[in-house]
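This report looks at a protein chain, beginning with its overall make-up and then turning to a single strand and its partners. Please keep the sequence and the structure in view while reading.

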Amino acid sequence: MSIVMSQRFLRRQSPSHYFEAVAPMAVARANSRSLQDRGVDANGSRAKKIHIGAINCRIECDHCKRLILSRNYRHGSLLHKCHFSTDDHRTKYANGQNEVASDLVSIIDHLDEIHKIPLSDVRNFCIIAHVDHGKSSLASRILEYTGNLGKERQLNALHRGRSDKITMDSDRSPSVDSDEVTMPEKIAAKDTKEEITLLDTLKVERERGITVKASAASMLYRHSSATNKNGWILLNMVDTPGHADFGMEVSKSLDSIEGAVLLFDAVQGVQAQTLSVHDKAKSKAGVKILPALTKIDIPSARPLEVALSVSELLNFDPDEIIKTSARNRIGIKEVLDKICETVDSPEQLPDDDGLILRAKVIDSWFEPRRGVICLIRVLSGKISEGDRISIIEPSLNSNEHKVGKDHYSIQEVGIVAPHRIRTGSLSRGTMGYVVTGMRDPRDAKASSYMSLQKSIPSLIGNNLKLPTSAGSGLLGQHSVLYASVHPMDGDGFDELSAAVERLALNDTGLEIQRTAGSANSGGGAFLGPGLRVGFQGLLHVEVFRQRLLDEFDMEAIVTPPKVPYTIKYIESKSFKRAPGLPQEEVIEDLINWPEQGQRFSVLEPVVDVRILAPLEYAGDIIELIKRKRGCKIETKPIDETTWIFTASMPWADVVTDFHDELKTLSAGFASFDVSEADPPLQKADLVKVDILLNSEVVDPLAFVCHRDKSSNEARVVCEKLQKVLPRQQFVTVIQAKADGKIIASERIRAYRKDVLTTGGSKAVGGGDVTRKKKLLEKQKKGKKRQQSTGKVTLSQAAFNSVISRSNN
């Protein structure tokens, strides 16, 4: 053992394989400063940044090369358990650096050899979890470990991954032995934190710290299960969003993979969205779910308790749950090894002859200079730059595949790692991007296919298979909220329409209904023409508006979202529907709400709500559910501290302010997700409330609520509008009307000029008071004329005030 002091004695203690280094204290004190300055040991060899001191000393073992930190000498001796005590281990470590170098492999260094990897050595997987459970952090560490972020960081990750010695205890989180520094300081000094925004390509993702778009990356990893001569496994990874509003991104990702790493936070445990994404992955045939615990190194982590609750709730084997931490690179290698060992390779298409190209479009986005860029997965054949391809929309019936009328020349082909790297071609089993010069976003939808133009007759004529997957459910395929989108400027409708279509290219949750700028677009005299757009939730609405501003520099007004209602008309002697009109219709825009005097019943959408929260907030949560007209309330314990609350609730009450109120009363600990109820509709006593500004109805501000709550909610909306609407030169009267009656009213005072003074001096002196009254009466008539002809400016804040109608 090389100790940077004079006089050292090394003797081995068998069989416990301990080494004792005897260091006389007097000699250490005498020689510490001079030897530290020179940086040499007793034999004259150069010391490697080893700190010398009488009390704190770092010593390097000759066998395992570990740096042993001694904070306290006991009788001048130091004990260290050497892990390379035998001659074989010493010889192995002598070649350790060569072995480490041979383990390193990066896809960036072997771009020209990717096509040689057989389909059996390909693994496609995604990472799914609840919001803020470490998906992006784990993905960034995987990219670092596989060399996609550079050789230096890969070597750093490999050393740190091998040096972590984790001990699991039921009462405390895993820890690393503090008495041993297990890596060279020169590597430790260059350590970097996990990059949670590494796969976040959108500005709104980096600003909000959330993932709203699934991102992909390809990697190479050396593993013993590989069948090729190099021992490489090609990994195609997809990082998915965690918020419920972007669940369609998760479903789209699950259609393109064979394995899913399901993360559980070791502190928070199982959350509502965890169960939701688990159910989605379990419903996909052929998807292997790999459970993993994250953040196990946090002092408040409960890895054992969470593992047992996961095992009991989701029927996972506790021993199969991988313990990970992206912060300290714990378990990264274990995750990669588990993926290589348990996830199946993609199945070869039964009619694959190796010649006909079939590439599935996973995602696509629009760039102003390059046009439409597609992320594809090659199922058969090969795609290269210069090929001419056509777009095919698949059908469950192979005889009904729709081939696009246009064909395109491939301008650029490459992989994503996570940045785009040009390779010139992509072969079977690989994921990558293609640039075709396509300008119309509607020509490259997700789940469509690309094939060579010359192969189209063979593909269609021989009824070759194009795998398709169908989704279902209220919150899976169909929009659950509808809103009107209007440009800030009245003449910007065409630019807005083009921007929304390009945005919808890689946002599968949007449902656009063109109105061609007609007067029936829901804007009326206050907003003008607009688009009718379907969304998946309130956060989806906010992200949509922010992306319009970030990516297209277009500021738009989004009206308060509405849920769809089903109207059933009831005929009577005084009222009969015109012949040919349906007796039942779905109302997505409140402009089409039946007029007063017609007899009808209303069916509103209902969802099943699943809430996970600490037991101490049970009473407040049940009270909140009842206040939101919830029913069928059930409770079930997960563990000693967390319970599940399930209930059936109206969807309109969930999307308004339920999330905010739930987070407030539970101090942020509660989480919830929703699913389609059975039956999905229920009859309710609902009424439409119109908002009037100076006696003129503003259709976008109208809302529907329960009849018993109409007066209270109308009063809240009027008070909020009074605060956010700008003050005018005339009085603004805000009224709420339901069933033909005014149920709430507020006023905004007008700006008033003192007409009796001019330039600081009196314009009207003393004398007859009728002269003063004449000026004031003239001003009053002018204000009244302005009130009838003036226009109130509506801002986005005015529409946001209608979304939340609680008294809080």
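What follows describes a predicted model, going from the protein as a whole to one strand.

**The whole protein**

The protein contains 20 helices and 39 strands, and of its 808 residues, 51% count as buried. Its accessible surface comes to about 38300 Å², of which 48% belongs to carbon and sulfur atoms. Among the contacts with a separation of 6 or more, 70% are accounted for by residues 24 or more positions apart.

**Strand E23**

Strand E23 covers residues 481–487, and because seven of its seven residues are buried, this strand is largely enclosed by the rest of the structure. In a regular strand, the side chains alternate between the two faces of the sheet. In E23, Leu-481, Ala-483, Val-485 and Pro-487 point one way, while Tyr-482, Ser-484 and His-486 point the other way, and all of these residues are buried.

**Partners of E23**

Which strands are joined to E23 by bridges? The table lists two of them, with one residue pair for each.

| Partner strand | Residues | Bridges to E23 | Direction | One residue pair |
|---|---|---|---|---|
| E25 | 531–535 | five | antiparallel | Ser-484 and Arg-532 |
| E26 | 556–558 | three | antiparallel | Val-485 and Val-558 |

Strand E25 thus runs antiparallel to E23, and in E25 the bridge partner of Ser-484 is Arg-532. Strand E26 also runs antiparallel to E23, and there Val-558 stands opposite Val-485.

Terms used
Residues numbered from 1 in each chain as written. Predicted model: local features only at pLDDT ≥ 70, side-chain atom pairs only at ≥ 80, totals over all residues. Heavy atoms only, no water. Helix = DSSP H or I, 4+ residues; strand = E, 2+ residues; numbered from the N terminus. Buried < 20%, exposed > 50% of the residue type's maximum accessible area, 1.4 Å probe, protein only. Contact = heavy atoms within 4.5 Å. Areas by Shrake-Rupley, 256 points an atom, 1.4 Å probe, with all protein chains shown as cover. Pairing = 2+ DSSP bridges.
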